[in-house]
Structures are given as C-alpha cells and as structure tokens.
Amino acid sequence: MEEMLQRAWKATGLRGPITLTCYCVDSTEGEDVIAYCGGGDILPGVPCSVTRNASLVQRTLHLRDFSRQTRIQVGVVTASTADIIKYAANALGGAHFDPDGKTARKHDLLRPIEAGEIGQMFVQVNKRNALYHEILSIAQAVVYSPQVKELVEWSPPLSTNKL
C-alpha cells in the first residue's frame, strides 16, 4: 500500500508493468449480491470463491488497478484490495494494535466477514474465515506475478571496482 513493490521494481531497471492475475466481479444482479473474489488455493491448483447473484471473471491487472479492484461485495457495499490490506494492518494488529476497534468501524463490511459471515451465510475455507482467505488470495496473486518472480530472481550487476 506504500508502493514499495513498485519502487523496488523501478530501482532494478527491469522493464514493463507489474501485472497480477485475480478474480474480479464481472456482473451483479439485484441488490442481494454476495461476491467474494477469493481465488487463493485451498488445495494446490484449487481456488475458492463465493458468489450469489454475481459472476466473477479472471483478469490480469496492473498493480495499481489490482489495488483498487473490488475483492468483496455484499449488497452495494464493496471492499477493494487496498481496503482489505489496510483493515488487516490497522484493525488486526499487523501494523497498529487497535483493541477498541476504532479503525475497524470504517470497515463495517469487513468485521462480520472476519467473524465468518458473508451476507447471512457463514463461510470458512480450510478452517479460515473468509477475510483471512481473501488476504491469502491477495498474497498468492502477488507471489504468482511473473514480474514479482523476476524481481525475486534479480540480482544487482557485479561491480568491477577494485578496492
């Protein structure tokens, strides 16, 4: 969220945009919508998503579009990749400890999902609540990006300076 991945990519001099493949909400019908994009593997090669009155499509997006992409929708309320990462960092103790849940109040959609509820349905994936599975899905999209793999394998040129 602080654009560190983008900065690292530019610092290496590697070319092209960082792209990530993920599931996206393609269309919805009516107001009783549940769209939980997921896409993280519950078993190797077996992704998991949940929808009601919505359809998902797999897309390859640039990093900036990926962070803005809706990942969860219940009714007309949505949460983007950035919203979920900020919620995890600020409300779940990843970056800040918030025992009173003050930060979480901004994310009324995400609190019930953390408890396992998605629009009157209780969902767990491999004994994880849907929010944690969504965080896993985001992490897997980043790790599986061809550019992130290239960045991980990149090493700086050897210096020819002699001491």
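**Entry 1: Starting out**

A helix here is a DSSP run of H or I with at least four residues, and helices are numbered from the N terminus. I wanted that straight before opening a helix. I also noted that I am working with a predicted model.

I counted up the elements and got six helices and twelve strands in the chain. The chain has 163 residues, and 38% of them count as buried. Then I turned to contacts between residues at least 6 apart in sequence, and 63% of these join residues at least 24 apart.

**Entry 2: Thr 12**

I went to helix α1, which covers residues 4-12, and found Thr 12 in it. Is Thr 12 buried or exposed? Its relative accessible area is 17% or so, I guessed, but I looked it up properly: the value is 16%, so Thr 12 is buried, since the cut-off for buried is under 20%. I have struck out my guess, and 16% stands for Thr 12.

Next I asked what Thr 12 touches once residues up to four places away in sequence are set aside. I found Leu 151 and Trp 154. I also checked a partner further along the chain: Ser 155 is 143 residues from Thr 12 in sequence, yet their C-alpha atoms are 8.5 Å apart in space. Closer to home, I saw the Thr 12 side chain reach the backbone oxygen of Trp 9 at 2.7 Å.

**Entry 3: Thr 19, another threonine**

I moved on to strand β1, where Thr 19 sits. I read 17% for the relative accessible area of Thr 19, so this residue is buried. I listed its contacts, leaving out neighbours within four places in sequence. They are Thr 60, Leu 61 and His 62, plus Ser 145, Pro 146 and Gln 147.

**Entry 4: Two loop residues**

Gly 30 is in the loop between β1 and β2, with β2 at residues 34-36. Buried or exposed, I wondered about Gly 30? I found 64% relative accessibility, so Gly 30 counts as exposed; the cut-off is over 50%. I also looked across to Ala 54: it is 24 residues from Gly 30 along the chain, and their C-alpha atoms are separated by 9.1 Å.

Asn 53 is in another loop, the one between β5 (50-52) and β6. I looked up its phi and got a value near 60 degrees, which is positive in a residue other than glycine. Asn 53 has a relative accessible area of 36%, so I wrote it down as partly exposed.

**Entry 5: Arg 64**

I found Arg 64 in helix α2. With 48% relative accessible area, Arg 64 goes down as partly exposed. I then looked for Glu 3, which is 61 residues from Arg 64 in sequence. From C-alpha to C-alpha, Arg 64 and Glu 3 are 9.1 Å apart.

**Entry 6: Helix α3 and what it packs on**

Which residues of α3 (residues 81-91) are buried? I got Thr 81, Ala 82, Ile 84, Tyr 87, Ala 88 and Ala 91. I traced what these buried residues pack against and ended up with two strands and some helices to write down: β7 (70-74) and β8 (77-80), along with α2 (63-68), α4 (110-114) and α5 (130-143).

**Entry 7: Helix α5**

Since α5 had turned up, I checked its length. How far should its 14 residues span? At 1.5 Å a residue, I expected 20 Å. The end C-alpha atoms of α5 are 20 Å apart, so the two agree.

I noted the buried residues of α5 too: Ala 130, Leu 131, His 133, Glu 134, Ser 137, Ile 138, Gln 140 and Ala 141.

**Entry 8: Asp 41**

Gln 140 came up again when I looked at Asp 41, which lies in strand β3 (residues 41-43). Not counting residues up to four places away in sequence, Asp 41 touches Val 46, Pro 47, Leu 136, Gln 140 and Tyr 144. I also found a polar atom of the Asp 41 side chain 3.1 Å from the backbone nitrogen of Gly 45.

**Entry 9: The second largest pocket**

How much space lies in the second largest pocket? I got about 250 Å³. Its lining has 19 residues, and those nearest the centre are Thr 21, Cys 22, Gln 58, Ala 141 and Tyr 144. I checked which elements give two or more residues to this lining, and they are β1 (19-28), β6 (54-62) and α5. The largest share comes from β1, with five residues.

Last, I sorted the lining of this pocket by class: ten polar, seven nonpolar and two charged residues.

Methods. Residues numbered from 1 in each chain as written. Predicted model: local features only at pLDDT ≥ 70, side-chain atom pairs only at ≥ 80, totals over all residues. Heavy atoms only, no water. Polar contact = N/O pair within 3.5 Å; in protein donor to acceptor, adjacent residues only side chain to side chain. Contact = heavy atoms within 4.5 Å. Buried < 20%, exposed > 50% of the residue type's maximum accessible area, 1.4 Å probe, protein only. Expected span 1.5 Å × (residues − 1). 1 Å grid on protein atoms, 1.4 Å probe; cavity = no way out; pocket = protein on both sides within 12 Å on 5 of 7 lines; lining within 4 Å. Points joined across faces, edges and corners; volume = space filled by probe spheres on them. Nonpolar A, V, L, I, M, F, W, Y, C, P; charged D, E, K, R; others polar.
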